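Open your viewer and keep the selection tool handy. We'll go stop by stop, with something to click on at each one.

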Amino acid sequence: MLKLESVDLNVSNGHEDFSILKGIDLELEDNKFYALTGPNGGGKTSLAKVIMGIYKNNKGKIFFDGLDITNLSITERAKAGISYAFQNPPRFKGMKIEELLKISADNNSLRARLRAVGLCPQDYLDRECDTSLSGGEMKRIELATVLSRPSKVVMYDEPEAGVDLWSFESLLQLIRNYHKKGNVISIVITHHERVLSLADEIILLADGKITERGPREKVLPLIQKESRCCWQANCGGNDDEIECY
Ligand SMILES: Nc1ncnc2c1ncn2[C@@H]1O[C@H](COP(=O)(O)OP(=O)(O)OP(=O)(O)O)[C@@H](O)[C@H]1O
Ligand SMILES: [Mg+2]
């Protein structure tokens, strides 16, 4: 079980502090498939980064399988079985895709890992992980590396982003197959209704707070209802300022 208690995250721009996560209390059970959703800027990626140890929470505690991991490093959390697939995967100039995959996959399965995410090994193994790769290609390589590791908590940050409609269902199937192997908590950060409709539970995060949580049958209709209402930036001004081009 993964448990967050009263977790706050603040960042500073040098002049003032911003509160990004505000008193997050969350318990996630083994073998459950969670969808984490909410408006842009609500704090989903920040929450995943706090769980992974990339961001250090200013307040609160994080427990994993009963162990207090609040002060563990990223590497220690990775060793404990926590994985995170970035919303915008980092590029590694000078590193070949083969080398990147070898960090998590054994030599014999490299080609199979690439084929599974829809990339031909002969076209990609020797390429560099630099900006020459498209956004969708980088997301697939990231997914291949994460799915090569044995993990107990896997967080996928918008796996749909940049992936074409023809491939998304297959990639989603990979994520589900990994989950079905058992003993894993899957957390998919998503704006995609298809993913929401597959989740055991949906967690809604807005303005740094969990505003709704429950089985998809309960939460999905609420989201669908809310998204039919128009959205508006909450920073003054009026509709006359909106121009159509
Ligand atoms: N390192 C940082 N410094 C300053 N502000 C940050 C930092 N990281 C995140 N933020 C801000 O915190 C808020 C939450 O960002 P976050 O990336 O967690 O949102 P999100 O819910 O993942 O959004 P999206 O759906 O667009 O991916 C945003 O307003 C963002 O600009
Ligand atoms: Mg995000």
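What follows is a walk from the metal to the ligand, then out to the sheet and a few single residues.

**Before you click**

You are looking at a predicted model, in which local features need pLDDT of at least 70 and side-chain atom pairs count only at pLDDT 80 or more, while totals for chains, interfaces and linings use all residues. Residues are numbered from 1 along each chain as its sequence is written, chains are lettered from A and ligands numbered from 1 in the order in which they are written, and side-chain values use heavy atoms, with hydrogens and water left out.

**Stop 1: the magnesium ion**

Select ligand 2, the magnesium ion. Which protein atoms are its donors? They are OG1 of Thr-45 and OE1 of Gln-87, at 2.0 to 2.1 Å from the ion. Donors here are N, O and S atoms within 2.8 Å of the metal (3.2 Å for Na, K and Ca), and water is not among the atoms, so sites may look incomplete.

Now color the backbone around those two. Thr-45 sits in helix H1 (residues 44-52) and Gln-87 in the loop between strand E6 (82-85) and strand E7 (92-96), so the pair ties together parts that are 42 residues apart in sequence. Those labels are DSSP runs numbered from the N terminus: helices (H or I) have at least four residues, strands (E) at least two.

Gln-87 counts as partly exposed because its relative accessibility is 25%. For the whole tour, buried means under 20% relative accessible area, exposed over 50%, and partly exposed in between (1.4 Å probe, protein chains only).

**Stop 2: ligand 1**

Show the residues around ligand 1. There are 14 of them, and the closest are Ile-20, Gly-41, Lys-44, Thr-45 and Ser-46. To be in this shell, a residue needs a heavy atom within 4 Å of the ligand.

By type, the shell splits into 4 nonpolar, 8 polar and 2 charged residues. The nonpolar class is Ala, Val, Leu, Ile, Met, Phe, Trp, Tyr, Cys and Pro; Asp, Glu, Lys and Arg are charged, and the others, Gly among them, are polar. H1 supplies the largest share of the shell, 3 residues.

Next, draw some distances to oxygen atoms of ligand 1:

- Asn-40: a polar side-chain atom lies 3.0 Å from an oxygen of ligand 1.
- Gly-43: a polar backbone atom is 2.9 Å from an oxygen of ligand 1.
- Thr-45: an N or O atom in the side chain is 2.9 Å from an oxygen of ligand 1.

How much of ligand 1 does the protein cover? On its own the ligand has 630 Å² of accessible area, and the protein covers 62% of that. Areas come from the Shrake-Rupley method with a 1.4 Å probe.

**Stop 3: helix H1**

Select H1 by itself. This helix is mostly covered, with 9 of its 9 residues buried. Among them are Lys-44, Lys-49 and Met-52. Step just past the helix and you reach Gly-53, which has a positive phi near 90°.

**Stop 4: the four-stranded sheet**

Switch to cartoon view. Here is an open sheet of 4 strands in the order E2-E1-E4-E5, paired antiparallel. Its edge strands are E2 (17-28) and E5 (67-68), each pairing on one side only. Two strands pair if DSSP finds at least two bridges between them.

Strand E1 (residues 2-12) pairs with E2 over 8 bridges; find Leu-2, which stands opposite Leu-28 in E2. E1 and E2 make a hairpin with 4 residues between them, and Gly-14 in the turn has a positive phi of about 100°. At the other side, 2 bridges join E4 (residues 59-64) to E5, and Phe-64 has Leu-67 as its bridge partner.

**Stop 5: a few single residues**

Most residues other than glycine have a negative phi. Ser-6, in strand E1, has a positive phi near 50° and is partly exposed, at 32%. Asn-183 also has a positive phi, near 60°; look for Asn-183 in the loop between helix H7 (165-180) and strand E10 (185-189).

Buried or exposed: which is Ile-141? Ile-141, in helix H6 (residues 135-148), is buried, with a relative accessible area of 0%. Its C-alpha is 8.4 Å from that of Leu-119, 22 residues apart in sequence.

Methods. Polar contact = N/O pair within 3.5 Å; in protein donor to acceptor, adjacent residues only side chain to side chain.
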